[in-house]
Amino acid sequence: MKNGNGNTKLILLHPYIQKQGSSNRLWLLAFLSIFTIAFLLTLIYTRNSIPTTVAAVATAAPSGTPPLAKPVVDALVHYASNYNTTGHMSNAEMKMISDVLRKCSPPCNLLVFGLTLETLLWKALNHNGRTVFIDENRYYAAYVEEKHPGIEAYDVQYTTKISEMNELIAYAKETIRNECRPFQNLLFSDCKLGLNDLPNHAYELAWDVILIDGPREYWPEAPGRMSPIFTAGVLARSKKGGSPKTHVFVHDFNRKVERISSNEFLCKENLVGSQDWLGHFVVERGDDNVFQFCHSHSSSPPSSSSS
């Protein structure tokens, strides 16, 4: 007779085990509930606050960088004009240019012929626009760019001579309906006075202000400023987009080459002011059917002397 109790196994479930499993599940459920509520509250708050935040940012930060305050501009001009060296512009000349730059609608496009003592000033005054410098010395242009990485400078090869000014102006008048017409893309020009080796974008940008303060040398075999002045006149009349008017400043305007070239290609009727050695012209966009630079050309032929 088998003993039935010998093979009988008794399994006891301790109530603590059941309580422990239930407790873990309750904690997990509580944690998930709290996390869900926190997520929903965050989502609701974020959605409500986004329009307010965007509106506040739009109000506090208007589009574009604001122009320099007038006291800042005046201070920059003051210290630049009082720099202890020779060869820089006068305070009155700098102020005439800075006044135009302050009123220029951003982004203002400024083209400067010549790397001078005022280079950093022009870049600073036009901080809300694009400033491009053209210089005849490729090594100096590279040096300035290396020393001041924010400067955009290019070199150009001039083929003119001051001693040939009279012949070049006579040639421009003879070919005014062809190579040297006032309205054209100089990139493809064969005019002896036109600069066609500037960077391509120089012919595409609508320049608001052009300053001619180079080339520097002034002697019979030096290139002179006939080409920059002619080029400025064509760029202003051929511009596409932007303001229909271009402010053109010619430094050393009292010198014969600058005065005669300006009268021929920027025109006396467009001269709106002068200060010391600086001439200020405002040239309007032209028409490709017009083959003259000046509406009322009354200047006499240049004399044989160009010194």
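Which residue does a disulfide join to Cys104? Keep that in mind while you look through these close-ups. This is a predicted model, where local features need pLDDT of at least 70 and side-chain atom pairs count only at pLDDT 80 or more, while totals for chains, interfaces and linings use all residues. Residues are numbered from 1 along each chain as its sequence is written, and side-chain values use heavy atoms, with hydrogens and water left out.

**View 1. Cys104 is joined to Cys108 by a disulfide.** A disulfide is a covalent bond between the sulfur atoms of two cysteines. Here, the term is used for a pair of cysteine sulfur atoms within 2.5 Å, and the S to S distance for Cys104 and Cys108 is 2.2 Å. The torsion about their S-S bond is about 95°, so this disulfide is right-handed. Cys104 is buried (buried means under 20% relative accessible area, exposed over 50%, partly exposed in between, using a 1.4 Å probe and protein chains only). Its relative accessible area is 16%, and Cys108 is buried too, at 2%.

**View 2. Cys180 pairs up with Cys191 in a disulfide.** Their sulfurs sit 2.0 Å apart, and with 90° about the S-S bond the link is right-handed. Both Cys180 and Cys191 lie in the loop between helix 6 (165–174) and helix 7 (201–204), eleven residues apart. Helices here are DSSP runs of H or I with at least four residues, strands are runs of E with at least two, and they are numbered from the N terminus. Cys180 is buried at 0% relative accessible area, and Cys191 is buried at 4%.

**View 3. Cys267 and Cys294 form a left-handed disulfide.** The S to S distance is 2.0 Å, and the torsion about the S-S bond is -90°. Cys267 belongs to the loop between helix 9 (256–265) and strand 6 (271–275), and Cys294 to the segment after strand 7 (278–284), 27 residues along the chain from its partner. Both cysteines are buried. Searching the whole structure turns up three disulfides.

**View 4. Seven strands make an open sheet with mixed pairing.** Their order is 3-2-1-4-5-7-6, and two strands pair if DSSP finds at least two bridges between them. Strand 3 (152–155) and strand 6 each have a single partner strand, so one side of each has no neighbour in the sheet.

**View 5. Strand 1 (residues 109–113) runs parallel to strand 2 (residues 130–135).** Five bridges join them. Zoom in on Phe113, and you'll find its bridge partner, Ile134, in strand 2.
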